[in-house]
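Student: I am new to this structure and would like a close look at a single part of it. Please take the charged side chains, and say how they sit among the parts around them.

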Amino acid sequence: MTLVKINAITVPDDSGDELARRFAARAGAVDDQEGFEGFELLKPTDDRSVWLVVTRWRDEESFQAWVSSPAFMHGHRSAAERAGGEAPQRPVGVHSEVWSYEIAGGSPGRG
């Protein structure tokens with residue numbers, strides 16, 4: 001069973017590009033985590049200010065193992081912090097919440 005975790009991040013209008021840049025800088029950081037099946041960063045195409053980070057996991061245990069891992073803590077620090085510097089003055093997001101879903105149906109499409 002695939003578990004879907006969605007981090008809904010509210011981002012001010014002028015910060016979306018920075019959020020995308022920060023995700024690009026960490027691309028592949030979670031790929032080798034046991035039970036990780038993939039992720040997408042979804043940018044709103046309407047007037048919404050909520051970006052979605054959609055991750056897929058084999059199970060809750062795999063997700064929780066990642067969240068409690070040193071790799072998670074390292075990946076969620078800023079690039080400056082990872083290089084030994086100071087944290088940025090302001091975070092990109094102003095609010096965030098994590099949603100959890102199981103896939104209950106769907107279609108593979110025609111490709």
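**Charged pairs and their surroundings**

Tutor: E18, R21 and R22 are linked in a network of salt bridges; a salt bridge here is a side-chain nitrogen of Lys or Arg within 4 Å of a carboxyl oxygen of Asp or Glu. This is a predicted model, in which local features need pLDDT of at least 70 and side-chain atom pairs count only at pLDDT 80 or more, while totals for chains, interfaces and linings use all residues. Residues are numbered from 1 along each chain as its sequence is written, and side-chain values use heavy atoms, with hydrogens and water left out.

Side chains of opposite charge can pair when their charged atoms come close. In the pair of E18 and R22, the closest N and O atoms are 2.8 Å apart. Both residues belong to helix α1 (residues 16-25), where four places in sequence separate them by about one helical turn. Helices (H or I, at least four residues) and strands (E, at least two) are DSSP runs, numbered from the N terminus. An α-helix has 3.6 residues a turn, so residues three or four places apart point the same way.

E18 has a relative accessibility of 26% and counts as partly exposed; R22, at 25%, is also partly exposed. The classes are buried for under 20% relative accessible area, exposed for over 50%, and partly exposed in between (1.4 Å probe, protein chains only).

The rest of α1 gives the setting for this network. The buried residues of the helix are G16, L19 and F23. They span an arc of only 60 degrees around the axis, which puts them on the same side of α1; the arc is that of the directions from the helix axis to the C-beta atoms. D17, A24 and A25 are exposed on the other side of α1. The cover over the buried residues of α1 includes β1 (3-10), β2 and β3. One more charge belongs to this region: the charged end of R26 sits over the ring of F23, 4.9 Å from its centre. For that description, NZ of Lys or CZ of Arg must be within 6 Å of the ring centre and within 35 degrees of the ring normal.

The structure as a whole holds seven salt bridges. One of them joins the side chains of E34 and R58, at 2.9 Å from N to O. This pair links distant parts of the chain, as E34 is in the loop between α1 and β2 (36-42) and R58, 24 residues away, is in the loop between β3 (50-57) and α2. E34 is exposed at 52% relative accessibility, and R58 is partly exposed at 36%.

Another salt bridge is formed by E40 and R56, whose closest N and O atoms are 3.0 Å apart. E40 lies in strand β2 and R56 in strand β3, so this pair ties together parts that are 16 residues apart in sequence. E40 counts as partly exposed at 33% relative accessibility, and so does R56 at 23%.

E34 also leads to a residue of helix α2. From C-alpha to C-alpha, E34 and E61 are 9.8 Å apart in space, with their places 27 residues apart in sequence. E61 is in helix α2 and is exposed, with a relative accessible area of 58%. The buried residues of α2 are S62, F63 and W66. Seen down the axis of α2, these buried residues fall within an arc of 100 degrees, so they line one face of the helix. F63 and W66 also belong to one aromatic cluster with F36, W57 and F72.

For the wider frame, the chain has four helices and four strands, in the pattern β-α-β-β-α-α-α-β along the sequence. Of its 111 residues, 28% count as buried. A contact means heavy atoms within 4.5 Å, and among contacts between residues at least 6 apart in sequence, 67% join residues at least 24 apart.

Terms used. Rings of Phe, Tyr and Trp (its six-membered ring) pair if their centres lie within 6.5 Å; planes under 30 degrees apart count as stacked, over 60 as edge-to-face and the rest as tilted.
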